[in-house]
Protein chains: 2
Amino acid sequence: MWFGYRGKVVKVNLSNKKVSVEALDKQLVKEYVGCVGAAGKILYDMVPSWAGAFDPMNLLIFTTGPVTGTIVQSAGRFSVVTKSPLTGCFGDASAGGFFGPMLKFAGYDMIIFSGASEKPVYLYVEDENIELRDASAYWGMDARECDRAICSDLGDKKFEIACIGPAGEHLVRYAAIMHDDAGRAAARCGVGAVMGFKKLKAVAVKGAGKVEVADPEGLRKVMQEVLEFYNSAPIVKRLREGGTVAGYITMISIGDSPTYNFANEQFGEFDQKRAEKLGWPGGFEKILEKNSSCFMCAIGCRRVSKAGEGKYVLKEGSVEGVEYESLSMLGSDCGIDDVYAVNLLNDLCNRYGLDTISTGATIAFAMECYERGILSRKDTDGLDLKFGNADAAIELVHKIAKREGFGNILAEGSRRAAALIGGGAEYYAMHVKGLEMPAHDPRAFQGGGPHYACSPVGADHMEGISLFVEFSGQRFPELGIDGDYGDRTSTEKKAFVAKVIEDWWAFLTAAGWCLLVNPRYGAENRFIRAFNAVTGENITVGEALKAGERIYNLKRAFNLKHGISRMEDTLPERLLKEPNRKSNNAVVYLDKTMPEYLKLRGWQ
Amino acid sequence: MWFGYRGKVVKVNLSNKKVSVEALDKQLVKEYVGCVGAAGKILYDMVPSWAGAFDPMNLLIFTTGPVTGTIVQSAGRFSVVTKSPLTGCFGDASAGGFFGPMLKFAGYDMIIFSGASEKPVYLYVEDENIELRDASAYWGMDARECDRAICSDLGDKKFEIACIGPAGEHLVRYAAIMHDDAGRAAARCGVGAVMGFKKLKAVAVKGAGKVEVADPEGLRKVMQEVLEFYNSAPIVKRLREGGTVAGYITMISIGDSPTYNFANEQFGEFDQKRAEKLGWPGGFEKILEKNSSCFMCAIGCRRVSKAGEGKYVLKEGSVEGVEYESLSMLGSDCGIDDVYAVNLLNDLCNRYGLDTISTGATIAFAMECYERGILSRKDTDGLDLKFGNADAAIELVHKIAKREGFGNILAEGSRRAAALIGGGAEYYAMHVKGLEMPAHDPRAFQGGGPHYACSPVGADHMEGISLFVEFSGQRFPELGIDGDYGDRTSTEKKAFVAKVIEDWWAFLTAAGWCLLVNPRYGAENRFIRAFNAVTGENITVGEALKAGERIYNLKRAFNLKHGISRMEDTLPERLLKEPNRKSNNAVVYLDKTMPEYLKLRGWQ
């Protein structure tokens, strides 16, 4: 009898179209806490070092965590792991919404895709009925069209559809996998491009099953505590009211949210006033239709956007709203402060199936190259790529998704684009290991230095951003974070904080939680008690951290196997030498934090 | 002033369409003897480990040697180096014909392609006029059509065209680069697939320049000796008269030329009589129109084929004939003894732009899987894949090149196909590091064991097959091979012989020679004297061997950088445990030769 897990894995060989259902490996999920870690181990074992990301030998694994699909609050996640075409490293991306829970209702913890199809296909899963079906009719559709067309053809709106848009089809190296009416994205590391290479347009899932939990009564009790905290704590209130963009204006003011491709004042002042044009409360309200939420989440930080007005109008309104990372990377990082334009850029990315972070970062990179004369109109198909030119940014999104003209170069991501452009462009590509930096500048929290530099997947916001510790100074004694780490520009013990958060987040992700709830459960033991109540296990916070570390090390081991050397454990040079004015003129003091970090990890 | 070399390199960035001409690095070509080694060093330095083969960061380098394009006999070669999509290792492929010399007449030693084009292009080179041109009109054409169409559109038959066919366009992992009316191929390691990924359909070259040599008088003298040897030595006479297939019947009889996917008698007896149906003298004469030759080669082992008659008729006659490797791999290795069928299979491979070795080997692999019940008609699109079924083999070539149905799986090469097929298929995939074994069974010459197992590019016939030493027992005292190594099944010092031949061939290839002339110059110092007369250098045989070793180590280093582990230094299990009856029931005694080999190489 399985608790939490459904105990079954769907295996799909896209080359010979064989589909089978196998038992989940109990020992493996126990060792790696949840299916995300287990999927990582499968990836490590099965993908040979000689295989590229665009290779039938690469696997694409959709996986859930044990608490997903239960009454556990804010845990409706799924993850996708694969060898990343963007980084050549371990790649993962996770997302909320309703797809993950639905997969579990259908009876499965994981879907493992191997091989590559000759023609477009989609996987149909309705409880025990699993079929690879022709997807020629959907190929070429944007992600929202595809989602709706499959539901309509199936005559059933209850199907959850995870699919790629044209960006994935064109192997844009930072293509995302979209779901929930193309509103939510497993976006990072180019997982959508791998799906495109495999000619897998979509996965359609519906299920009527139930996730059994070991101790329903105990679970209800923990959830009651959580809900009470949700309903009383200011930190939850803020997220409920403002969504993920609630912190945007503050993050701009402390130099965390990047502007002008992390060059900040060199190209313009992004002051409070301009931040308010995009942020909440402020300009963001102009595009806000209403609030919304993911599966079984009483926080509800999702936002629904209006079509907007004026020059930048969406194809239709009532679509997924702009999240913090998207607002920052498509907005201020490109020097754009028109909220309607950012709303449109965001919607285009969702429709095309593009990672908004990498898209924004790559456009910002191109803009800086243009401003500095490394690129001219001759190179950009005539586009005037000045910072702040929203029209040009919009045009670039179209070009990137279709790999047209200059878009064909930017579709490779900023690292490759910089190498192909040459002329010193490399300096302006803000990435680690090829993955574009998210909207948290490590000059604004020193724990971010060793974290980003050594993160096996590259610079990501889902692998352990210690900012929330360093910004608030809040202590998490259950995690061992019981000192005062509230000085963001101090390097003192920041390597330790970074590592703990990485391990902790690895556990939370593997178990199925949304990382935004991290400080919002009120107490860390609530996660553990919920985990134990669901699975029937009896782990401690310490064991959870240990499991998280195991997952983190596994990703590192994958990279070593695949020829990624320690030379890649570094940051964009800019962050090491150009001071961040809004963050006390700090740079990242990597020389101070890296040795300690490597020692803590045992990676020296 | 350059002698031998033209001193110029064309650099083409296919992403931004920038073309430049740069000086050849004198120090680099000196260190690596010729441009092939130098190109390898550039590949090692410039292609990051995180880049896959299908990646704009991968380079595709066309390169020549210093003696190519001079009066030096049998040296009209060029090589292509790249990260191989088939092996993930250092990839190279070389070819004769006229393309290499023409590139030098145009004024260039090397063309380095980086990036990847959005739309099909071809590179036009006529002396100092270099241009990337639209190739949309040629995309989809087979290699011969493309060759002729470009010449026709240029209104000049003197252009040498190197191009890919549909196999390269479809990223078949063992697609070749064809030239000379699609007659000659730089075939191995999937170099044509990289060209296809880059959307580079062709390179068209014409030049009116001349390669200067340092000591024309001295060179003429050496060449006079060589020509006298050509005109008197039986070993040359045999190759002149019979072409590369002259040895076929003998090679079958000694168990060197594989039959039935190296399973030999397990599926049928390929006796003298059947060998004579394909070989020369014998059945081969039925498809032989006339003899031909590559640039500046008085041996002339090329053959021209007739269209044939009966069931298997070529689209047209007077096309490139069948070489030894192709005859063996498309013929006896698939259990096929109909020479017309093999002629057609060969011509189809040339037109589609497929490596005949990997194609034959992959089809033979599929046939064995079918015979053993691992594959059924349900898997093969209904094809009855029994050994010897020429119709099915022909159908498979079409399917592979177009990636249709089951062909989509075989297009991945035997290693990946085996993994995708499963059910124990791996045992029957005859490859090393993913590169399919050529038509020389290492159970028939023990030096082949460590050579194939450790060869950085995988199992290739161009990297140092010691068979010619072990078969003839001939001594090459100038190379240090002065003992009696004529017992093919003895392991005594075979590691040493293998290593010497590897280093020597690496030098010969880098300098520009055809490897078939190796024992046919009569004396090794003639190569060195010719090399020195051309380049003005003053190297010795020992230094040439050292340079060859340097190149060989470089390929190994490339692999290590790219995550290829020593675990991959092995042979298909079959060769280690199934005796080869025709070769004294030998298996490959790798445990005896590998340790010595690794020690000699310093690779322990």
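This dialogue walks through the cavities and the cysteines of a predicted model.

Visitor: How many cavities of 30 Å³ or more does the structure hold?

Guide: A cavity is a set of points on a 1 Å grid over the protein atoms alone where a 1.4 Å probe fits but cannot get out, and its volume is the space filled by probe spheres set on the points, which are joined across faces, edges and corners. Here there are five cavities of 30 Å³ or more, and the largest has a volume of about 260 Å³. Lining residues have an atom within 4 Å of a point; among the 28 that line the largest cavity, the closest to its centre are Ala51(A), Gly52(A), Ala53(A), Gly52(B) and Ala53(B).

Visitor: What is the volume of the second largest cavity, and which residues are the closest to its centre?

Guide: Its volume is about 150 Å³, and of its 15 lining residues the closest to the centre are Asp92(B), Met462(B), Glu463(B), Thr509(B) and Lys555(B).

Visitor: How many disulfides does the structure hold over all chains?

Guide: A disulfide is a covalent bond between the sulfur atoms of two cysteines, counted here when the two sulfur atoms are within 2.5 Å. The structure holds zero over all chains: for Cys163(B) the nearest cysteine sulfur, that of Cys146(B), is 3.9 Å away.

Visitor: Is Cys163(B) buried or exposed?

Guide: Cys163(B) counts as buried because its relative accessibility is 1%, where buried means under 20% relative accessible area, exposed over 50% and partly exposed in between, with a 1.4 Å probe and protein chains only.

Visitor: Which conventions apply to the numbering and the model?

Guide: Residues are numbered from 1 along each chain as its sequence is written, while chains are lettered from A and ligands numbered from 1 in the order in which they are written. In this predicted model local features need pLDDT of at least 70, side-chain atom pairs count only at pLDDT 80 or more, and totals for chains, interfaces and linings use all residues, while side-chain values use heavy atoms, with hydrogens and water left out.

Technical notes:
On a 1 Å grid over the protein atoms alone, a cavity is a set of points where a 1.4 Å probe fits but cannot get out, and a pocket is an open set with protein on both sides within 12 Å along at least five of seven lines; lining residues have an atom within 4 Å of a point.
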